[in-house]
Amino acid sequence: MTKKIRVLIGKCGCDIHERGALTMLNVLRDNGMEVIYTGRFQSEAGMVNAAINEDVDVITLSDLTGSLVIICRKVLEELKKRGAEDIPVICGGLLTKDDIAELEKMGVKGCFATGSPPQGTVDLIRQLAPSN
Amino acid sequence: MSASKVKQLIQRLEDKERRGLAKAITFVENQEAGVAELMNHAYRNMNDHALVIGVTGPGGAGKSTLVDKVIKHCRRRGHKVGVIAVDPSSPYTGGAFLGDRIRMGAHNTDLDVFIRSFGSRGSMGGISQGTKRCLYLFKNYDFDLIIIESLGIGQDETEITNFVDVTVVTVVPGYGDAIQIAKAGMQEIADIFVVNKADKPEAEEFYLQMANSLHLIPEELRPIMVKTVATTEDGIPELLEVIEKVGLKQRSKRRAKAEIRIKAEIETEVFNLIRSRLAGLIEDKAMAAFSGQATPFEISAEIAGRINIA
């Protein structure tokens, strides 16, 4: 058996800033993970459908417009609607302390504000992936 | 634990549940215990309903964009589409960046389109063992069209043709002249040649050069050429028409292809099983050669001699 960690990196809404997503994409790939990128301007429903079809271990959402609270809430709702709330969600990007508190309250498993060292995300994903 | 997991997956396949398909693919890709039982079930229960097309060609030729537009036009006709999209895995870390979805984002919310990205996981270009097996899983569902988008193209990448009904090779002007096309052995595998990015100034010359070299092939065997500009959807309706036409013709070859494919599959499978059984022995014996007790050739002959075929 050769278990491989699969991660979805997604960007929802009208955010053009892609650098964070692309950086993490390289970091996760170089850590031996299969990283699926949805590209920009996606909807939350599309994100969840993609995550289900790809059977990812973790959904990571990147956003630099300060909308992560809104995006994550919608993604968590969609996951529930599709009966896939077992897929953990983490996020990274522009975050305030209040944002992080709220995100953690709603069930987001990890928040990485700009400037966080990438290794933290790698470690958390390894922890969150089932049977690892 | 794992036995009940297999039973559960088989049940989900029978219920045609989409997340069940996603879970079954992971199960097969990771070669979890019980995969043989799942595959036996999937093989016995697959249907022949879907037209399977393979899209291949060099990186950057626009395969994903082309597939995106083909999906779009098929959806207009109400067809359900399954997509197997393969991207390379790193031979060093095993990691992979699977980016085919980026071009297919428009279908993310469409529940009648099932797109699954695969890392090549150690196979040399084309489709991995896991991917081939997953095609049987897809065939347990009610897709009208299954598209396999495989990475790159290589001299040894003729295998894909036996897994699909129609092979589409995507080429672009500026990738070399017709000599390159002749070299790569693409002519033999293609049912359809798509000259994508046909709005480039050098496209016409490239098209003519290619058409010229293809004219050496007898007409009934000659691949059909289609010009497209995938980004603007120019030529996509024509491509679909050609795919349907070729598909109809190729369906009659299904039995012959299946024969070749089944032989090849059994061969790979047998060698894989033997390899996993002998791995430990080879490791042990290698030390003997290393310390000079025997030559590598003597040891190879000895190990091979242990396989008794009645």
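This report covers a cavity, a helix pair, a pocket and three single residues in a predicted model.

**The cavity**

Rolling a probe the size of a water molecule over the atoms shows where empty space is left. In this structure, one cavity reaches 30 Å³ or more. The largest cavity has a volume of about 40 Å³. Its lining comes from chain B: B:I53, B:V55, B:L66, B:V67, B:V70, B:V168, B:L239 and B:I243. By class, that lining holds eight nonpolar residues, no polar ones and no charged ones.

Three elements of chain B each supply at least two residues of this lining: β1 (51-56), α4 (63-76) and α10 (236-251). The most comes from α4(B), with three residues.

**The packing of α4(B) and α10(B)**

Two of the elements that line the cavity, α4 and α10 of chain B, also pack against each other. The angle is about 80 degrees, and the axes lie 10 Å apart. Angles of 65 to 115 degrees count as roughly perpendicular, so α4(B) and α10(B) are roughly perpendicular to each other. On the α4(B) side, the contact is made by B:L66, B:K69, B:V70, B:H73 and B:C74. On the α10(B) side, B:I236, B:P237, B:L239 and B:L240 take part. The residues of this contact divide into seven nonpolar, one polar and one charged.

Some names recur. B:L66, B:V70 and B:L239 belong to the helix contact, and B:L66, B:V70 and B:L239 also line the largest cavity.

**The second largest pocket**

The second largest pocket has a volume of about 570 Å³. It is lined by 25 residues. Nearest its centre lie B:A190, B:D191, B:L221, B:R222 and B:P223. Four elements of chain B give two or more residues to the lining: α8 (186-189), α9 (203-214), β8 (224-227) and α10. Here α10(B) gives the most, with four residues. The helix α10 of chain B thus has a place in the lining of the pocket and in that of the largest cavity.

The lining of the pocket has ten nonpolar, six polar and nine charged residues. The lining of the cavity, by contrast, has no polar and no charged residues.

**Two lysines with positive phi**

Most residues other than glycine have a negative phi, and most peptide bonds are trans. Two lysines of chain B have a positive phi: B:K16 and B:K197. Each is placed in a loop, as the table sets out.

| Residue | Phi | Loop of chain B | Relative accessible area |
|---|---|---|---|
| B:K16 | about 55 degrees | between α1 (2-14) and α2 (18-29) | 41% |
| B:K197 | about 55 degrees | between β7 (192-195) and α9 | 29% |

Residues between 20% and 50% relative accessible area count as partly exposed. B:K16, at 41%, is therefore partly exposed. B:K197, at 29%, is therefore partly exposed too. The loop of B:K197 runs to α9 of chain B, and α9 is one of the elements that line the second largest pocket.

**A buried threonine in chain A**

A:T121 sits in helix α5 (residues 118-128) of chain A. Its relative accessibility is 9%. Buried means under 20%, so A:T121 counts as buried. Leaving out residues up to four places away in sequence, A:T121 touches A:M24, A:I90 and A:F112.

Technical notes: Residues numbered from 1 in each chain as written. Chains lettered and ligands numbered in written order. Predicted model: local features only at pLDDT ≥ 70, side-chain atom pairs only at ≥ 80, totals over all residues. Heavy atoms only, no water. 1 Å grid on protein atoms, 1.4 Å probe; cavity = no way out; pocket = protein on both sides within 12 Å on 5 of 7 lines; lining within 4 Å. Points joined across faces, edges and corners; volume = space filled by probe spheres on them. Nonpolar A, V, L, I, M, F, W, Y, C, P; charged D, E, K, R; others polar. Axes fitted to C-alpha atoms, helices over the stretch in contact; angles between N-to-C directions. Parallel < 35°, antiparallel > 145°, perpendicular 65-115°, else oblique. Contact = heavy atoms within 4.5 Å. Buried < 20%, exposed > 50% of the residue type's maximum accessible area, 1.4 Å probe, protein only.
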